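The following report describes the fold of a single chain, moving from its overall make-up to two helix pairs and then to individual elements.

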Amino acid sequence: MAEPEPETEPSRPKGVLAWLGLDRPELRAWAMYDWANSVFMTIVLLIFPIYFAKVAARGLPAATASFWFAIATTVSMGIVAVLSPFLGAAADYAAAKKKMLAWFLGLGVVTTGALALVGEGDWVLGATLFVLGNIGVTSSIVFYESLLPHICREEEVDRVSSAGYAMGYVGGGLSMAVSVLAITRPDLLGVSEGAATRLSFLFAAVWWAVFSIPLFRRVPEPPASARPGEGPGQGLLKIAVSRLGETMREMRLYKQTFLFLVAFLIYNDAIGTIIRMASIYGTEMGLDMKFLIGALLVVQFVGIPFSFLFGYIATRIGAKRAIFITLAVYLVISVFGYFMDTKLEFFMMAGLVGTVQGGSQALSRSLFTTMVPKHKSSEFFAFFSVFEKFAGILGPLVFALMIRATGSSRGAILSLIAFFLVGGALLAMVDVERGQRVAREAEGRALQGA
């Protein structure tokens, strides 16, 4: 299937599905992978930290459990940051985006299901499986996101990216609701609460695998992008290294894209810390598992309409301005999170996070998409992943260091303000139109040389 040709004038959405960014089969199938992998973001990233702290790490001090969980997150993100650029370059050359996605999907599904084997005191096994599962899901998303510029036109990208995040909230919310019901009413299954929690990890693995099928059936593999001097006899690793070197040398041509990546690294550092450490922070506050799961479920369902809403806002005022709105809300969340002490306040913060979590990340993805050349999409999204993962390294690492320094996670929450302010200031310096123009010119030169 050929990629859609860009139109001379932006087309206006017709019908509800078009307004949502889901009017073609390949767009719906692409968005369904957000639905599929979001089960990891909810059941594993939100429920497993609670299970890890209360069951797997039983016997360890709460702050020590938080420390080792933060270290596990750091290790997994570091591995992905190192591997993804090489894998991205290889995928562009070999037309293997979907194949790479499948390999990491398999790793993530198997290790997520294996979390069901983690029992009381098995914190080393739990941390190891979490590292492998995190590598699987984050690496698969690199190749999933690199498909975006190949299936939609530039004027559609904000809606389609936001639709993906909204679908992720629907899938993540529904799967989490099933898990919450099982964990809070284990008598319905005839098992204990701990067994119901472990079964939820097995359920997550099945959900992720089944709902990934539409992407492989409906989304076409973009064509290979061989360059002069590349041939079958060179070896995939050599070609990947050569391409990475070329892209890094050319990065000076993509100054606005690189500046955006730096801004994204800094503000997404804080966003990622809030996402990944919220439930274990709530555990430190003394909140019980059922309440935490319910509060985090609120994030999922509040995120559905607000993700679509920010997609619409971006078409009216631009993705960059819309991202500024989300960062302003996150500043409020950081201050509020430092002072909160009660269940009601944690619940309110969860609602606030839900309003901007999907929009901030979806629009960052779509803005980046418009500033990269299509023939290098996997390479550039690998760099996007590197910056995102280094944010994933720095955030949990700051959390771990602050815990060691203060004995609590509260100081780390307040430190996030600096990340939002600096990231926002750098984002203000990005000339989006210039970045988009440079990317399109590079595409034109690649077509002429083909």
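Of the contacts in the chain between residues at least 6 apart in sequence, 86% connect residues at least 24 apart. The model is a predicted one, and its chain contains 17 helices and zero strands. Of the 450 residues in the chain, 59% are buried.

Two helix pairs can be set side by side, since two packed helices are described by the angle between their axes and the distance between the axes.

| Helix pair | Axes come within | Crossing angle |
|---|---|---|
| α2 (residues 25-56) and α8 (residues 193-210) | 9 Å | roughly 160° |
| α7 (residues 157-184) and α14 (residues 343-369) | 8 Å | roughly 145° |

With axes that cross at roughly 160°, and with angles over 145 degrees counted as roughly antiparallel, α2 and α8 are therefore roughly antiparallel to each other. The crossing in which α2 passes α8 is left-handed. On the α2 side, the residues that meet α8 are Tyr33, Trp35, Ala36, Asn37, Val39, Phe40, Ile43, Ile47, Phe48 and Tyr51, while α8 contributes Gly194, Thr197, Arg198, Ser200, Phe201, Phe203, Ala204, Trp207 and Trp208. By class, the residues of this contact of α2 with α8 comprise 14 nonpolar, four polar and one charged.

The crossing of α7 and α14, by contrast, is right-handed. Its contact brings together Val157, Asp158, Ser161, Ser162, Gly164, Tyr165 and Tyr169 of α7 with Gln357, Gly358, Gln361, Ala362, Leu363, Arg365, Ser366, Leu367 and Thr369 of α14. The residues in the contact of α7 with α14 divide into six nonpolar, eight polar and two charged.

Turning to a single helix, α4 (residues 97-114) has 18 residues and spans 26 Å from its first C-alpha to its last, which is close to the 26 Å expected at 1.5 Å a residue. Which residues of α4 are buried? They are Lys97, Lys98, Met100, Leu101, Phe104, Leu105, Gly108, Val109, Thr111, Thr112 and Gly113. As background to such a list, an α-helix has 3.6 residues a turn, so residues three or four places apart point the same way.

A last position to consider is Ala412, which belongs to helix α16 (residues 410-428). Is Ala412 buried or exposed? Its relative accessible area is 1%, and because buried means under 20%, Ala412 counts as buried. The C-alpha atom of Ala412 is separated by 8.5 Å from that of Tyr338, although the two residues are 74 residues apart along the chain.

Definitions and conventions
Residues numbered from 1 in each chain as written. Predicted model: local features only at pLDDT ≥ 70, side-chain atom pairs only at ≥ 80, totals over all residues. Heavy atoms only, no water. Axes fitted to C-alpha atoms, helices over the stretch in contact; angles between N-to-C directions. Helix = DSSP H or I, 4+ residues; strand = E, 2+ residues; numbered from the N terminus. Parallel < 35°, antiparallel > 145°, perpendicular 65-115°, else oblique. Left-handed = near helix turned anticlockwise from the far one by under 90°. Contact = heavy atoms within 4.5 Å. Nonpolar A, V, L, I, M, F, W, Y, C, P; charged D, E, K, R; others polar. Expected span 1.5 Å × (residues − 1). Buried < 20%, exposed > 50% of the residue type's maximum accessible area, 1.4 Å probe, protein only.
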